[in-house]
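User: I am new to this structure and would be grateful for a close look at a single part of it. Please explain how that part is placed, and then how the rest relates to it.

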Amino acid sequence: MSDIVGLFLTFAGLSLLAVGGGDSILAQVERDVVDRHHWITQAAFVHLYTLGKLAPGPSTMYVAGIGFFVDGIGGAIAAGVGFVLPTSILVFVAESFWQQWRGTQWKSAIQLGLAPVTSGLIVAGVFALVSAQVSQVQGWKLVELAVLSIYIAVVALRTRINPAFLILGGGAVGSLVMFV
Amino acid sequence: MVVPIRLMSRGPRKVNESGAMEPTAPRDSGSALQAPPSQAELFWAVLVIGTTCFGGAMTGFIEKVFVHDKAWVSGEEFFVSVEMARVMPGPNAVNLIVLLAKRLGGASGAALAFVAIISPAIAANCLMGELISRLTYSPAFSNIIVGFGAAAVGLAAGGSVSIVRSSLGGFVPILIAGAAFVAVAILHLNVLAALLIFGLPTVLGYLYMARRRAA
């Protein structure tokens, strides 16, 4: 029970920091669930994040997988709902004021002013994933997988292929690299 | 996040006293907005989105359903909602669905849509969690999941490059982004502290510049 409450409160608090969308707090999510609460290992974190990309719906719902790992279905609901309920209530309430607010200097200042820091945070999230990935492979396989990652990044930037297909195709090649 | 989206320009809509939507005159595309959906229709439409949209790029999918297929909201309304969903904290897709559902179905519509958009994802991620907890000690599965991880890392890296490109112009923003990255990734600074240290002064700086320009 205390795990369920802890999951809900942890993810509820994290969600309010996600000013640049869900990916901007990836590094903090990893630190909280791996280092602070010791709920899952660093490897399990990147595994859950990876498989979450193959799930339908909002990609940030990989946190439900973390909750499931900790405390079954109740944990998944606590983490998943906790991660989006506070921000959903906030956006629901703020909608009433948005029309007056959207033309103001404050709104543009917040939008422009937070863009640099959230960019840095999103790259920090990628760094956290890379570190977790690097801790699991050594030697030539690591080099081969790094080349694969860069290739997928370029394809994602240059084409409009659905990311789920990129995970499936890239994952198939990556698995081959690991087995050969 | 300052990410440009394709704006479908549509005519204005009529709003009645209570703020609910009324069918409007034909727009430039020649098709009219439909009457607002019932709660059940709205719930079902969002559930279908939540179940069938893979790969995370949900905004375009939501636009297709709400603006083009069902014609429940105009392109302009959709654009305003997307902008707000991106400025507010939280996952953009969930914010967007809550905003659109509030417009179409009030508080109960928003609550139902909230459940509909996250439930399929939570159920699917339970399956993923079950898979990992069962198979994590199998060497074959470990190889496969590490291989898939490389693809996921590449995807995240590609996404971050496109966000950085679209939101960073000029020397000072790049410097701030770099400092925030080093502080969080290398020095393990808390994200809340990073937002206060690197975000707050920048926001106030932009506000000051805007005020001075206006004066």
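Analyst: A residue is called buried if 20 or more other C-beta atoms lie within 10 Å of its own, exposed if 12 or fewer do, and partly exposed in between, with C-beta atoms placed from the backbone. The model is a predicted one, in which local features need pLDDT of at least 70 and side-chain atom pairs count only at pLDDT 80 or more, while totals for chains, interfaces and linings use all residues. Residues are numbered from 1 along each chain as its sequence is written, and chains are lettered from A and ligands numbered from 1 in the order in which they are written.

The part chosen is helix α1 of chain B, which covers residues 39–52. Helices (H or I, at least four residues) and strands (E, at least two) are DSSP runs, numbered from the N terminus. The 14 residues of α1(B) reach 20 Å from the first C-alpha to the last, close to the 20 Å expected at 1.5 Å a residue; the expected span is 1.5 Å times one less than the number of residues.

Buried in α1(B) are Leu42(B), Phe43(B), Ala45(B), Val46(B), Ile49(B) and Gly50(B). Seen down the helix axis, these buried residues fall within an arc of 165 degrees, and therefore they line one face of α1(B); the arc is that of the directions from the helix axis to the C-beta atoms. The face turned away from this buried side carries the exposed residues Ala40(B) and Thr52(B).

The buried residues of α1(B) pack against α2 (58–69) and α4 (92–135) of chain B. Two residues are in contact if their C-beta atoms, placed from the backbone, lie within 7 Å. Leaving aside residues up to four places away in sequence, Ala113(B) touches Leu42(B), Phe43(B) and Val46(B), together with Ile97(B), Val98(B) and Ala101(B). Ser119(B) is in α4(B), and it counts as buried because it has 20 C-beta neighbours inside 10 Å. From Ser119(B) to Leu47(B) the C-alpha separation is 8.1 Å, although their positions lie 72 residues apart in sequence.

Ala113(B) also has a place in the largest nonpolar core, which has 127 residues and in which Ile97(B) and Ala113(B) touch the most other members. Such a core is a set of buried Ala, Val, Leu, Ile, Met, Phe, Trp, Tyr and Cys residues joined through C-beta atoms within 7 Å. Helix α4(B) gives the most to this core, with 22 residues. At least three residues of the core come from each of domain 1 (1–141) and domain 2 (159–215) of chain B, with domain bounds taken from an automatic or database domain assignment.

Arg212(B) offers a contrast to the buried face. Its place is in helix α7 (residues 191–214) of chain B, and it is exposed because it has 8 other C-beta atoms within 10 Å. Arg212(B) and Phe43(B) are 169 residues apart in sequence and 47 Å apart in space, C-alpha to C-alpha.

Chain B also meets chain A: 95 residues of chain A are in contact with 87 residues of chain B. On the side of chain A that touches chain B, α5(A) supplies the largest share, 26 residues. Chain A itself has seven helices and zero strands, and 56% of its 180 residues count as buried.
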